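Q: Take a close look at the salt bridges here, please. I'd like to know who pairs with whom, how covered the partners are, and where they sit in the fold.

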Amino acid sequence: MNIVIMGCNGIAVNVAEKMAKNDHKITIIDAQPDNFLIIEETENITTIIGDGTISNELEGAGIIESDIFLALEPNDNRNILAVQKVKSLYNPNIVLCLVSDPKKDGIFRKLGLNVISTTSLISDIVLDSIR
């Protein structure tokens, strides 16, 4: 599978490395070159300096051929912008949006987007651990 990930951070790198081990082709796009210091490029992982909310930069990252798009930046608003654009213009099989603010989670879901809320997930784990 071809996977484009917007944002290079701990979550993105962890996902990319695990998917790359299964012979998937991963491209990570991030506007901040220093963010790439936490990852080594391998045969299956490519990094591109660019803005994942801009169409021509997404296309340069391979969004047209991608099966999956993951918006994993720490900025909820940028993630929502990117997934809406990718879903409407390129329509990969899977489009997933990371959100930190649980209040935005419901709004994004009402827009028909697949959302993962880190705050909600961690809160649930904490609550399960103390029960």
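A: Let's start with D105 and R109, which form a salt bridge with their closest N and O atoms 2.5 Å apart. Keep in mind that this is a predicted model, so the distance comes from predicted coordinates. Both residues belong to helix α4, which covers residues 102-110, and since they are 4 residues apart, about one helical turn separates them. Their surroundings are not alike: D105 is buried at 10% relative accessible area, while R109, at 44%, counts as partly exposed. Elsewhere, D51, E73 and R78 are joined into one network by salt bridges that share partners.

That network deserves a slower look. The structure holds 4 salt bridges, and one of them brings the side chains of D51 and R78 together at 2.9 Å, N to O. D51 sits in the loop between β3 and α2 (55-60), and R78 is part of helix α3, so this pair ties together parts that are 27 residues apart in sequence. R78 also meets the side chain of E73 in a salt bridge, with an N to O distance of 2.6 Å.

What about burial in this trio? E73 counts as buried at 10% relative accessibility. D51 is buried too, with a relative accessible area of 18%; the limit for that label is under 20%. R78, the residue that meets D51 and E73, has a relative accessible area of 24% and is partly exposed.

Now for the fold around these pairs. There's an open sheet of 6 strands, ordered β3-β2-β1-β4-β5-β6, and the pairing is parallel. Its edges are β3 (45-49) and β6 (114-117), each of which pairs on one side only. From one strand to the next, the twist averages 20 degrees. Remember that β3 is also the strand at one end of the loop that holds D51. The neighbour of β3 is β2, residues 25-30, and these two strands pair in the parallel sense over 5 bridges. Within that pairing, T27 stands opposite T46 of β3.

Helix α3, residues 76-89, packs on this sheet and touches β1 (2-6), β4 (68-71) and β5 (94-99), with its direction at about 170 degrees to that of β5. Going back to the network, the R78 end of the D51 pair lies in that helix. Helix α5, residues 118-130, packs on the sheet as well, where it touches β5 and β6; the angle between its direction and that of β6 is about 50 degrees.

For contrast with all those charged partners, look at α5 from the outside. A nonpolar surface patch of about 540 Å² is made by I116, L121, I122, V126, L127 and I130. Helix α5 gives the most to this patch, with 5 residues. One residue of the helix is V126, which is partly exposed at 45% relative accessible area.

So, to put the charged pairs side by side: D105 and R109 are both within α4, whereas the D51 and R78 pair links a loop to helix α3.

Terms used: Residues numbered from 1 in each chain as written. Predicted model: local features only at pLDDT ≥ 70, side-chain atom pairs only at ≥ 80, totals over all residues. Heavy atoms only, no water. Pairing = 2+ DSSP bridges. Axes fitted to C-alpha atoms, helices over the stretch in contact; angles between N-to-C directions. Contact = heavy atoms within 4.5 Å. Buried < 20%, exposed > 50% of the residue type's maximum accessible area, 1.4 Å probe, protein only. Patch = residues over 30% accessible without salt bridge, like charges linked within 9 Å, V, L, I, M, F, W, Y side chains within 5 Å. Areas by Shrake-Rupley, 256 points an atom, 1.4 Å probe, with all protein chains shown as cover.
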